[in-house]
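This report introduces the structure shown below to a reader who has not met it before. Please keep the sequence and the three-dimensional view at hand while reading.

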Amino acid sequence: MLLWNLARRTGIFVATLLASSIVVFGLMAVLPGDPARVALGLNATDSDVAHLREQFGLDQSLPERYLDWLRGLITLHPGTSYVTQTAIGPEIATRIPVTLILVGASMLVAIAVAIPLGTVMALRHRRASGLALSALSQVGVAVPTFLAGILLVTLFAVRLGWLPSSGWTSPQDDFEMFARQLVLPALALGLCQGAIIARYVRSSILDVLRQDYIRTARAKGRQPAQALIHHGLRNAAVPVVTALALQLVYLLLGAVVIERVFVIPGIGSLLTDSVGLRDLNVVQDVVMLLVAAVLVINLVVDILYVIIDPRLRAAS
Amino acid sequence: MTATTPEGASHHDAPSLRGRRHRRRWNPNLVAGSVFVGLIVLAAAVSFVWTPYDPTQVDTSARLVTPSVDHWLGTDKFGRDIFSQLMVGARTTLFVGVISVGLAALAGVPLGIFAGMTSRRWAGEVTMRFNDLLLAFPSLLLAIMLAAIFGGSTLVAMIAIGIGSIPSFALLIRGGTMQAMKSEYVLAARVVGRRPVAIGVRHILPNVSGLIIVQSSVLFAIAILGEAALSFLGLGTPPPTPSWGRMLQESQTLLWQAPRLAFIPGIAIALAVLGFNLLGDGLRDIFDPRLEDRR
């Protein structure tokens with residue numbers, strides 16, 4: 001039953017991935033105008049355009065082009081950019097670790113903020129301090145990541161001069177610089193997500209606190225915090241873990257914006273730069289990569305659900 | 001783009017709140033949310049008839065003026081009045097919110113009701129798989145892709161945010177519909193032979209209207225964040241139409257000289273999002289105190 005369920009979810013994942021590749025390709029193909037002409041600009045001659053069309057196989061039929069594109073993605077050779085004429089594969093490959101480091105560091109910040117904050121908010125939910133923290137998290141939810149980035153830059157880079165305002169250094173080249181440059185973007189992304197995740201933590205712990213086994217532990221003389229730590233945290237973790245995984249999608253999208261704020265050469269800035277250059281096949285590949293990442297995250301969450309919670313196993 | 005938590009801000013003990021009569025009279029979320037949202041609606045409405053200056057009027061003699069009697073919130077690097085831009089920007093924000101949330105509701109509500117009502121397994125399955133496909137395209141990604149094709153505009157932002165918000169509407173309404181389908185009045189309507197469309201419109205829709213209102217408010221907040229993020233990336237509202245997100249983006253190069261250029265639109269965005277989130281939480285308490293247990 002469990003295996004059948006996992007197989008079904010994987011099947012849905014593959015089908016959705018294929019369907020979304022058709023959507024991405026289809027949207028890019030309905031483009032009003034010729035991608036070769038768009039890439040070359042207004043001053044291109046007809047022969048230049050024809051040459052580019054031939055070079056990139058744009059003279060083929062749509063199904064052929066779709067299959068070619070798909071083959072390129074699956075074999076990890078996604079072709080060359082219309083505009084810069086450089087290979088897209090290596091370009092993406094050098095940028096993936098940058099975005100992953102940023103997302104990973106932000107996730108750590110978010111967890112470090114969310115778990116203590118959410119726990120305190122839940123334990124004190126009827127007291128002024130709990131309500132104040134709750135209001136604070138509500139404000140955190142309302143602040144867009146790019147605003148958080150700008151505020152942090154204003155404070156720590158402009159006013160105090162403690163940290164660099166933007167840029168990226170590879171950890172192999174200069175680890176100290178790398179760490180200093182990572183702090184502000186990771187905080188900007190992580191604090192906002194932390195505020196959101198803290199609210200999941202809070203409601204999850206509040207649910208657990210109402211359970212009979214916590215009441216029993218309290219009746220036996222445990223303090224609320226003790227009862228929670230010994231009996232409740234593990235139970236509260238299930239919805240929080242899935243919330244964390246789902247928030248990864250938003251961290252990834254937030255990274256697209258934050259990379260722009262802090263001039264970080266990751267996947268997000270490749271995407272926004274390519275939009276600016278109207279480099280459509282790069283946009284198409286990067287969007288597909290991000291869509292695939294979103295789907296993988298959703299699949300992992302689905303599988304986690306099934307594995308962690310035996311009740312869901314039976315229900316589906 | 002950030003999302004809001006599905007849970008309400010306040011956890012109540014459900015039994016004391018069951019039934020509308022016993023609800024708390026004083027609902028701080030609702031009041032605070034209404035005040036913030038009301039301020040923004042007021043600013044947008046007044047901006048149609050009056051702004052202190054023309055928000056797009058460039059005045060090279062009054063660049064980067066600090067707040068004064070003449071310019072309440074100062075001017076930007078082109079000498080444009082910030083307060084006027086903020087007022088007209090509220091219009092853009094609300095416009096994007098109304099259209100995108102309306103679009104999401106128009107598509108998501110029927111989809112959710114259909115998926116919740118249908119007794120044919122394959123039909124429900126197909127609807128949910130369609131929803132899965134939509135979920136793979138978060139608003140920001142969709143907007144970036146559309147902007148690459150058609151160029152950035154307010155319309156592209158609204159469509160992308162609207163489409164991106166359909167799945168959450170559909171999933172929520174499907175849950176509400178499935179619950180309403182179990183009720184006796186729906187059973188009675190089916191027994192007397194009412195057609196499914198009639199049952200959906202006459203019995204299910206009024207029952208899930210609370211969900212729709214609450215979700216609209218929450219999605220409105222997400223739409224505001226989305227529009228701001230897109231304008232910040234230069235893919236949303238094009239100049240010269242004032243937009244809070246673009247005001248922030250333009251301020252980024254001037255953080256050293258005039259950080260207030262970033263703070264002012266930033267606070268406006270945060271207040272708007274906070275307002276709609278609080279309003280959503282407050283409405284949730286009114287319409288269905290048990291809702292917070294449901295995803």
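## A proline in a loop

Between which two helices of chain B does the loop with B:Pro240 lie? The loop runs between helix H8 (196–232) and helix H9 (244–251) of chain B. The model is a predicted one, and the angles and counts below are computed from it.

The peptide bond that joins B:Pro239 and B:Pro240 is cis, with omega at about 10 degrees.

## Chain B as a whole

Chain B contains ten helices and zero strands. Its pattern along the sequence is accordingly written α-α-α-α-α-α-α-α-α-α.

Chain B has 295 residues, of which 50% count as buried. Among the contacts in chain B with a separation of 6 or more, 72% are made by residues 24 or more positions apart.

## The contact between the chains

How many residues of each chain take part in the contact between chain A and chain B? On chain A there are 47, and they are in contact with 41 residues of chain B. Several helices of chain A supply at least two residues each to the side that touches chain B, including helix H1 (2–29), helix H8 (175–209), helix H10 (224–261) and helix H12 (280–308). The most is given by H12(A), with eight residues.

Sorted by class, the side of chain A that touches chain B comprises 33 nonpolar, eleven polar and three charged residues.

## The largest nonpolar core

The largest nonpolar core has 159 residues. The residues with the most contacts inside this core include A:Val291 from chain A, and B:Leu141, B:Ile224 and B:Val273 from chain B.

B:Val273 may be followed one step further. Leaving aside residues up to four places away in sequence, B:Val273 touches B:Ala221, B:Ile224 and B:Leu225 in chain B, as well as A:Ala142 in chain A.

## Positive phi angles in chain A

Two residues of chain A other than glycine deserve attention for their backbone angles. A:Val263 has a positive phi, near 50 degrees, and is found in the loop between H10 and H11 of chain A. Phi of A:Arg278 is also positive, near 55 degrees, and A:Arg278 has its place in the loop between H11 and H12 of chain A.

Why does A:Val263 count as partly exposed? It does so because A:Val263 has 13 C-beta neighbours inside 10 Å, whereas 12 or fewer would make a residue exposed and 20 or more would make it buried. A:Arg278 has 18 such neighbours and therefore also counts as partly exposed.

Definitions and conventions:
Residues numbered from 1 in each chain as written. Chains lettered and ligands numbered in written order. Predicted model: local features only at pLDDT ≥ 70, side-chain atom pairs only at ≥ 80, totals over all residues. Helix = DSSP H or I, 4+ residues; strand = E, 2+ residues; numbered from the N terminus. Contact = placed C-beta atoms within 7 Å. Nonpolar A, V, L, I, M, F, W, Y, C, P; charged D, E, K, R; others polar. Core = buried A, V, L, I, M, F, W, Y, C linked by C-beta atoms within 7 Å.
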